[in-house]
Amino acid sequence: MECSEEDIYTIAEYDFDWRRVGRRLLRDQKVIDINLEGSSEAEKREMMLLAWKRTESHDATYQALVKVLRAIQNNATADRIEELGRKNGASPPGVMKYAEYLRSVYKVKPCGEQWLPVVSKVYINLSTVESIEDFPEEKEVTCTLAMIHANTGEVKKMKRSISINEVGVLGDGERARCIVVVGIPGIGKSTFSWHLGVRWAKKEILKDYDLVVLLRLRDERVQHAKCVSDLFYHYSSTPEAVVQWITSCDGNGVMMILDGYDELSPDLQTSSIYADIIKGEVLPKMTVLVSSRPSAKQNLHQLCQGQKCQYIEVIGFGKEEIQEYVDATLEHNKELRDQLNSYLETHPHIHGLMYCPLNCAIIAKIFRDKMKRTRQPPQTLTEVYQLLIETVLKHHEQKSVKSPVAAEKHKKTHTDPNQPSRFPWLGDVSEQAISQLLVLAKLAYDGTNEDQLIFHKPSGTLETLGLLHEVPELYLESSGSSSYHFLHKTVQEFMAALHVSSLPPGERAECVRTSFDESNMTMVVRFMAGLTKLQSQDDIEGVLAFQKEGGRSLLESLHWLFEAHEPGLVQKCMGDREWTLELMRTTLNSFDCYVFGYCIANSRQPWKLMLRECSINEECVKMLMTVEDGRAFYYIQAIDLNGNTELRDQGAAVLGKPYCT
C-alpha cells in the first residue's frame with residue numbers, strides 16, 4: 001500500500017540515515033536537488049521522502065521503505081513503520097486474518113512426511129547455492145532423473161552459497177521479481193519452499209511481505225485455474241476480499257510460491273495463469289518463487305527474461321549434514337553408525353545417493369530397521385525403495401491390528417507360509433495388504449501416465465496403506481474434501497513400476513517400448529527392470545533393441561541392467577563385441593558413472609567412452625574406476641572427456657587411458 005503523505009511527516013521524525021535510505025529509494029539518482037542548508041535532520045528526511053513519493057508514485061509503499069531499512073540493518077525503525085502501515089490500513093482486516101491463518105498452517109503442519117524418522121531438527125541445513133549462470137539457449141540441457149550431486153562440498157566451492165535470509169534479495173539490495181529454485185527429484189525443493197513459509201510465519205524472514213502463499217502445482221484444482229481468483233478457493237467473503245486486495249495493488253507485498261513447475265503439462269508451462277504471473281503480465285508487483293526440476297528450466301528461463309531474477313539451486317546435504325541426519329535417525333547409537341559407515345564405504349554409489357535428502361532419509365531409516373533384523377542392506381535404488389515400501393506397509397499393519405478384532409482379521413488374511421508370495425521382497429506382509437498395494441500401483445501408473453500427482457476423494461474401499469499422504473490445505477474455509485499424493489513423486493514412480501512388473505511379459509515389453517521417450521516414465525522403467533530382474537525373453541529383447549540405438553538409449557539400458565543386478569545377465573545382453581557409449585551435453589553424475597563401471601566390468605568386453613560436456617567431475621571418475629574392484633579399468637580402451645570443466649586434467653592422471661580422436 002502507498003505510503004500516505006501524512007505518514008511521511010510522521011516517519012520523518014523516526015531515526016534513520018536519510019542519505020543511505022535516499023540513495024536506495026531513489027535508485028542512485030541525486031538524493032537531494034534542493035537547498036538543505038540550515039535544515040534539521042527530520043526536515044532532511046521529510047524532503048527526501050517527499051521526493052521519493054513524487055518520483056515513485058504508486059511504488060512508494062510502506063513495504064518498500066521497510067525493505068530498505070532492513071537492508072541497512074535499521075530494524076527498529078523498520079518495525080515502527082511496519083506497525084504504522086498496519087494501523088493505517090496497509091493490510092485490510094480480511095488480509096490480516098488470512099495472513100494469520102496461513103501462519104497457523106505453516107507452523108502446525110510438518111515439513112516432512114509422516115514416515116520419515118523423527119529427528120532433532122526438522123530442517124537440517126539444506127544446502128543452496130546461487131546460480132550466477134544463465135540458462136544457455138544454445139546448449140541442450142539433458143538431465144537424468146536420478147541425478148544427484150556427488151559432492152555437495154565441491155559444488156559450494158564453485159558457486160556462492162546463499163542463506164535462506166538472502167532469498168529474494170539481489171546483489172544490489174533490490175528485491176527480485178522472480179526467484180527460480182531448481183533441484184533434482186527428492187533434493188528438498190518442496191521442503192525448502194515450505195520452510196520459507198514456516199520462517200515467514202515465525203516472522204524470522206520475508207518480513208516485508210503481508211502474505212506468503214504456497215501453491216502446489218501438482219494439485220489438479222490449482223492446475224485448472226484460469227484467473228487470480230481461481231487460485232484461492234473462496235467460500236466466504238473473506239478470501240474474496242483477499243483476492244480483491246491482491247489485484248488492486250498488483251500483488252505488491254505478496255510472495256507467491258509456485259511449487260513444482262515441472263509438474264505442469266508442457267502447455268500449461270508456457271500458456272496459463274501461472275505463465276502470465278511469472279512473466280509479470282499479471283500481478284507485476286508480486287514476488288514469485290518457482291521451484292522446478294531441471295528438465296523444465298528452459299521454459300522458465302524464457303518466461304523470466306527481462307525481469308529481475310534470482311536463480312537458486314538446491315544441492316541437498318553435504319557430508320556433515322548426512323552424518324548429522326544419520327546420527328539423529330540412529331539415535332546416536334555408535335555401533336549402528338559404525339556399521340552403516342562401514343557399509344557405505346563398500347557401497348559408494350549408495351553413499352552418493354544420500355546427498356539427496358529423500359534417499360538419505362530412506363537409507364538411514366531402513367538401515368536402522370533392517371540391521372536390527374540382520375537383513376542384507378540394499379545394493380540398488382530398486383532395493384532401497386523395496387525396503388521403504390516393506391517398512392511402510394509393516395508399520396501400517398502394526399497400527400491396524402491393535403484391536404483384537406483387527407488382529408483376528410489380519411491373522412485370517414495373512415500369507416499362508418506354504419504358499420509362495422507374489423512379492424517375496426515384502427516378507428511376511430499379508431496378502432490382503434498386497435492386494436490393496438496393487439490397487440495403489442494401478443492408481444500410481446495411471447497417474448504417472450497422465451502426469452497426475454494429486455488424487456481426490458479416494459473411494460471408501462481404497463486403503464492408503466501409509467503410502468498416500470493427505471495434502472494440507474492453505475486456503476480459508478475450504479470444502480473439507482480430502483486430496484492425496486504419494487509420499488514422493490519417486491515413490492509414485494516405483495509404485496507405477498510395480499504395476500508394470502505385474503503385467504504379462506509381452507504387455508510389459510510393449511509398455512516399455514511405447515513409454516521410453518516419455519520423460520515421466522524413465523524411472524518407472526528402471527524400477528521395473530529391478531523388480532522383474534529382466535527374467536523373460538521379452539525383457540531381454542527390449543534391452544537388446546535399445547542398446548542398438550546407442551547414446552541415451554544405451555545409457556538407459558545400462559541402468560536397467562544395473563537395477564536387475566545380475567552379472568550373468570549383463571554378459572548375456574552385451575554379447576561378444578566392442579561397445580562405444582557416446583554422449584554430448586547430457587548431465588551425468590557419480591551414480592551414472594558407477595552404473596557404467598558395473599556394466600563395463602561385468603560385460604567383459606572392450607569399451608570406448610565419449611562423454612563430452614557431461615558435467616563429469618573427479619568423483620565421477622573415481623566411482624567409475626572403483627566399482628567391482630576396479631575391473632572396468634581393464635575394459636576401457638579409450639576415453640574422451642573434453643568439455644567437462646569440473647574435471648582436472650580431463651581425468652588422464654586417474655584413468656591413464658588414451659583419448660578417442
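**Figure 1. Close-up of the cysteines C511 and C309 in the predicted model.** In this predicted model, C511 counts as buried, its relative accessibility being 9%. C309 is likewise buried, with a relative accessible area of 16%. A search for disulfides through the whole structure returns zero, and C309 accordingly takes part in none, the nearest cysteine sulfur being that of C304 at 4.1 Å. Because a disulfide requires two cysteine sulfur atoms within 2.5 Å, the pair formed by C309 and C304, at 4.1 Å, is not counted as one.

**Figure 2. Close-up of helix 23 and its surroundings.** Helix 23 spans residues 522-532, and eleven of its eleven residues are buried, so this helix is largely enclosed by the rest of the structure. The buried residues include T522, M523 and V524 towards the beginning of the numbering, the charged residue R526, and G530, L531 and T532 towards its end. Just after helix 23 comes K533, whose phi is positive, at about 60 degrees. For context, most residues other than glycine have a negative phi.

**Figure 3. Close-up of the packing of helix 22 against helix 23.** Two packed helices are described by the angle between their axes and by the distance between those axes. For helix 22 (residues 505-515) and helix 23, the angle is about 155 degrees and the axes lie 11 Å apart. With this angle, helix 22 is roughly antiparallel to helix 23, and the crossing by which helix 22 passes helix 23 is left-handed. From helix 22, the residues R508, V512 and S515 take part in the contact, and they meet V525, M528 and T532 of helix 23. By residue class, this contact of helix 22 with helix 23 comprises three nonpolar residues, two polar ones and one charged one.

**Figure 4. Close-up of the packing of helix 21 against helix 23.** Helix 21 (residues 489-501) packs with helix 23 at an angle of about 55 degrees, and the two axes are 8 Å apart. Helix 21 is therefore oblique to helix 23, and the crossing of these two helices is right-handed. On the side of helix 21, the contact involves T490, E493, F494, A496, A497, L498, V500 and S501, which meet M523, V524, F527, M528, L531 and T532 in helix 23. The residues of this contact of helix 21 with helix 23 divide into ten that are nonpolar, three that are polar and one that is charged. M528 and T532 of helix 23 appear in the contact with helix 21 and also in the contact with helix 22.

**Figure 5. Close-up of H499 in helix 21.** The residue H499 lies in helix 21 and is buried, with a relative accessible area of 14%. When residues up to four places away in sequence are not counted, H499 touches A441, K442 and Y445.

**Figure 6. Close-up of the pair formed by helix 2 and helix 3.** The axes of helix 2 (residues 18-25) and helix 3 (residues 41-56) come within 10 Å of each other and cross at roughly 5 degrees. These two helices, helix 2 and helix 3, are therefore roughly parallel to each other. In the contact, W18, V21, G22 and L25 of helix 2 meet E41, K44, R45, M48, L49, W52 and E56 of helix 3. The residues of this contact of helix 2 with helix 3 fall into six nonpolar, one polar and four charged.

**Figure 7. Close-up of two loop residues, K203 and R585, with positive phi.** K203 is placed in the loop between helix 8 (189-201) and strand 5 (211-216), and its phi is near 60 degrees, which is a positive value in a residue other than glycine. R585 is found in the loop that lies between strand 12 (579-584) and strand 13 (586-587), and its phi, near 55 degrees, is again positive in a residue other than glycine. At a relative accessibility of 27%, R585 counts as partly exposed.

**Figure 8. The chain from which the close-up views are taken.** The chain contains 29 helices and 15 strands, and 58% of its 661 residues count as buried. Among the contacts in the chain between residues at least 6 apart in sequence, 78% join residues that are at least 24 apart.

Technical notes:
Residues are numbered from 1 along each chain as its sequence is written. This is a predicted model: local features need pLDDT of at least 70, side-chain atom pairs count only at pLDDT 80 or more; totals for chains, interfaces and linings use all residues. Side-chain values use heavy atoms; hydrogens and water are left out. Buried means under 20% relative accessible area, exposed over 50%, partly exposed in between (1.4 Å probe, protein chains only). Helices (H or I, at least four residues) and strands (E, at least two) are DSSP runs, numbered from the N terminus. Axes are lines fitted to C-alpha atoms, for helices over the stretch in contact, and angles run from 0 to 180 degrees between N-to-C directions. Angles under 35 degrees count as roughly parallel, over 145 as roughly antiparallel, 65 to 115 as roughly perpendicular and the rest as oblique. A crossing is left-handed if the near helix is turned anticlockwise from the far one by less than a right angle, and right-handed if clockwise. Contact means heavy atoms within 4.5 Å.
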